[in-house]
Amino acid sequence: MKWQRIISVATLAISIFTLFLVLRKPAPVAAPASPAATAANAQSFQEKMNRMDQPAAAGQSGSEVRLTGGELTAAIAQATGLLPTAAATPSDGAGGSSSANPSARGGVPEFPGAVPNIKDYQVSMDGDIVRGQFLTQIAGEDVYLTLAGHLGAKDGYATFDATEVKLGDLNVPVSLVKDALQKKLAEQHDQLKLPNNVKDLRIENGELVLVEK
């Protein structure tokens with residue numbers, strides 16, 4: 001009975017500690033950006049997307065567009081309403097709106113693919129690894145989920161191979177969630193379809209590279 005009591009107490013302590021780590025806010029995956037920098041990143045993202053919309057010159061294909069983690073974070077933040085529209089509509093020196101300003105398209109950057117329903121979001125890229133951290137609800141509690149891995153494309157659809165998973169500040173073995181993650185991606189298969197003018201994507205030198213058709 002004494003050993004059972006010790007095991008019960010130890011199990012309870014571990015459970016409480018695990019819960020604490022899950023609910024604890026982890027270190028951010030990227031340095032916080034000022035509102036001005038975020039607005040500039042959102043506009044830069046939209047300008048690059050606009051360039052991809054332009055018809056390619058005859059005989060030219062395979063050109064690349066490179067996006068930084070800051071640009072992706074700002075675009076998702078604005079698309080999900082986390083970044084006020086007005087913050088991403090800077091004026092030029094004459095007091096008018098820039099022709100490439102996102103406000104020309106309703107003030108919201110056009111983000112390829114489905115935009116997740118999230119409360120907070122950060123993206124960073126290092127080498128060929130993309131790392132995303134977002135705030136979601138699990139069992140009614142706000143929990144930070146961090147995912148890292150390799151982003152790629154196959155047969156016209158984006159693919160993701162996880163290398164790191166964290167709930168709050170708790171590291172979760174990838175092997176425990178890999179099947180569930182791939183199942184979730186399969187359920188969202190249609191939403192992972194690449195834009196019509198993109199034939200490939202990858203993470204390279206800390207940037208997202210979109211290869212045009």
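Five strands form an open sheet in the order E2-E3-E4-E5-E6, with antiparallel pairing. The model is predicted. A second open sheet has 3 strands, in the order E1-E8-E7, and its pairing is antiparallel too. The protein chain holds 4 helices and 8 strands. Along the sequence they follow the pattern α-α-β-α-β-β-β-β-β-α-β-β.

**The five-strand sheet**

- The edges of this sheet are strand E2 (120-126) and strand E6 (170-172). Each of these edge strands pairs on one side only.
- Neighbouring strands here are turned by 35° against each other on average, direction ignored.
- E5 and E6 run antiparallel and are joined by 3 bridges. Val165 has Val172 in E6 as its bridge partner.
- Helix H4 (residues 174-187) packs on this sheet. H4 touches E5 and E6, and its direction makes about 145° with that of E5.

**The three-strand sheet**

- Strand E1 (64-67) and strand E7 (198-204) are the edge strands, each pairing on one side only.
- On average, neighbouring strands of the sheet E1-E8-E7 are turned by 20° against each other, direction ignored.
- E1 pairs with strand E8 (residues 207-212) in the antiparallel sense, over 4 bridges. Glu64 stands opposite Val211 in E8.
- The antiparallel pairing of E7 and E8 runs over 6 bridges. Asp200 has Val211 of E8 as its bridge partner.
- Val211 thus appears in both pairings: opposite Glu64, and as the bridge partner of Asp200.
- Helix H2 lies across E1, E7 and E8. H2 runs at about 165° to E1.

**Helix H2 against helix H3**

- Two packed helices are described by the angle between their axes and the distance between the axes.
- The axes of helix H2 (residues 35-53) and helix H3 (residues 69-79) come within 8 Å. They cross at roughly 95°.
- H2 and H3 are therefore roughly perpendicular to each other.
- On the H2 side, the contact is made by Thr38, Asn41, Ala42, Ser44, Phe45 and Lys48. H3 supplies Gly70, Glu71, Leu72, Ala74, Ala75 and Gln78.
- By class, this contact of H2 with H3 has 5 nonpolar, 5 polar and 2 charged residues.

**A buried threonine in H3**

- Thr73 is found in helix H3.
- Thr73 has a relative accessible area of 17%, so the residue counts as buried.
- Apart from neighbours within four places in sequence, Thr73 is in contact with Tyr121, Gln122 and Val123. Strand E2 covers residues 120-126, so these contacts link H3 to an edge of the five-strand sheet.

**Core and burial**

- In soluble globular proteins, nonpolar side chains tend to be buried together.
- The largest nonpolar core in this model has 28 residues.
- Met49, Leu67, Leu72, Leu208 and Leu210 have the most contacts inside this core. Leu72 also takes part in the contact between H2 and H3.
- Strand E5 (residues 157-167) gives the most to the core, with 4 residues.
- Across the protein chain, 34% of the 213 residues count as buried.
- Consider contacts between residues at least 6 apart in sequence: 58% of them join residues at least 24 apart.

**Two loop residues with positive phi**

- Most residues other than glycine have a negative phi.
- Asp155 has a positive phi, near 55°, though the residue is not a glycine. Asp155 sits in the loop between strand E4 (141-154) and E5.
- Asp155 counts as exposed, at 69% relative accessibility.
- Asn205 also has a positive phi, of about 50°, and is not a glycine either. Asn205 is found in the loop between E7 and E8.
- That loop belongs to the hairpin of E7 and E8, which has 2 residues between the strands.
- With 65% relative accessibility, Asn205 counts as exposed.

How values were computed:
Residues numbered from 1 in each chain as written. Predicted model: local features only at pLDDT ≥ 70, side-chain atom pairs only at ≥ 80, totals over all residues. Heavy atoms only, no water. Axes fitted to C-alpha atoms, helices over the stretch in contact; angles between N-to-C directions. Parallel < 35°, antiparallel > 145°, perpendicular 65-115°, else oblique. Contact = heavy atoms within 4.5 Å. Nonpolar A, V, L, I, M, F, W, Y, C, P; charged D, E, K, R; others polar. Pairing = 2+ DSSP bridges. Core = buried A, V, L, I, M, F, W, Y, C linked by side-chain atoms within 4.5 Å. Buried < 20%, exposed > 50% of the residue type's maximum accessible area, 1.4 Å probe, protein only.
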